[in-house]
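This note sets out several points for a colleague to consider when examining the structure below.

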Amino acid sequence: MKTILNVIWLVLSGFWLFLGYLAAGLLLCITIIGIPFGIAAFRIGVYALWPFGYTAVERRDAGAASCVGNVLWLLLAGWWLAIGHIVTGLLLCITIIGIPFGVANFKLIPVSLFPLGREIVRSDEPFTAR
């Protein structure tokens with residue numbers, strides 16, 4: 001079932017989300033200061049490409065730099081991304097067929113708000129040590 005949902009997601013919206021996050025990541029990687037944010041955008045893009053069967057967990061070894069980076073990300077880009085995922089998720093949840101895709105958009109909200117210090121893992125092993 002995860003594969004079917006991922007393929008439908010990929011065709012309808014996942015590919016375009018991936019391209020958007022990829023473009024943002026490339027722009028962010030132009031400067032040295034933006035590289036961690038660019039890597040975070042790439043991570044979100046891959047998660048947006050194939051969201052079913054994966055989940056985002058917080059890394060235990062994330063330090064104060066991730067906290068400061070998350071605050072900057074939230075103020076500059078995170079809340080815009082979260083609003084976009086909320087609106088898209090609500091619109092998708094209007095129909096019964098769109099509910100799983102709306103839930104996938106809601107899964108992207110925490111990662112789009114605070115991407116630094118997070119890791120994308122398979123849903124069946126969210127607490128394994130990496």
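1. Where does Met1 lie with respect to α1? Met1 belongs to the segment before α1, a helix that spans residues 2-28. The model under review is predicted, and the remarks that follow should be read accordingly.

2. Met1 counts as exposed because its relative accessible area is 73%, which exceeds the 50% cut-off for that class. Met1 also takes part in a nonpolar surface patch together with Ile4, Val7, Ile8, Val11, Leu12 and Trp50. The accessible area of these patch residues together is about 720 Å².

3. As a general background to this patch, nonpolar side chains in soluble globular proteins tend to be buried together.

4. Turning to the interior, the largest nonpolar core has 17 residues, among which Trp9 and Phe52 touch the most other members. Helices α1, α2 (35-49) and α4 each contribute at least two residues to this core. The greatest contribution comes from α2, with six residues.

5. The surroundings of Trp9 deserve inspection. Beyond its neighbours within four places in sequence, Trp9 is in contact with Gly14, Leu17, Ala48, Leu49, Pro51, Phe52, Phe101, Ala104, Asn105 and Leu108. Phe52 is thus both a contact of Trp9 and, with Trp9, one of the core residues that touch the most other members.

6. Is Ser112 buried or exposed? Ser112, located in helix α4 (residues 99-113), is classed as buried because its relative accessibility is 0%. With residues up to four places away in sequence not counted, Ser112 touches Tyr21, Ile44, Trp73, Gly78, Leu81, Ala82 and His85.

How values were computed
Residues are numbered from 1 along each chain as its sequence is written. This is a predicted model: local features need pLDDT of at least 70, side-chain atom pairs count only at pLDDT 80 or more; totals for chains, interfaces and linings use all residues. Side-chain values use heavy atoms; hydrogens and water are left out. Patches are made of residues with over 30% relative accessible area and no salt bridge: like charges are joined within 9 Å, nonpolar side chains (Val, Leu, Ile, Met, Phe, Trp, Tyr) within 5 Å. Accessible areas come from the Shrake-Rupley method with a 1.4 Å probe; for residues, only the protein chains shown count as cover. A salt bridge is a side-chain nitrogen of Lys or Arg within 4 Å of a carboxyl oxygen of Asp or Glu. Helices (H or I, at least four residues) and strands (E, at least two) are DSSP runs, numbered from the N terminus. Buried means under 20% relative accessible area, exposed over 50%, partly exposed in between (1.4 Å probe, protein chains only). Contact means heavy atoms within 4.5 Å. A nonpolar core is a set of buried Ala, Val, Leu, Ile, Met, Phe, Trp, Tyr and Cys residues joined through side-chain atoms within 4.5 Å.
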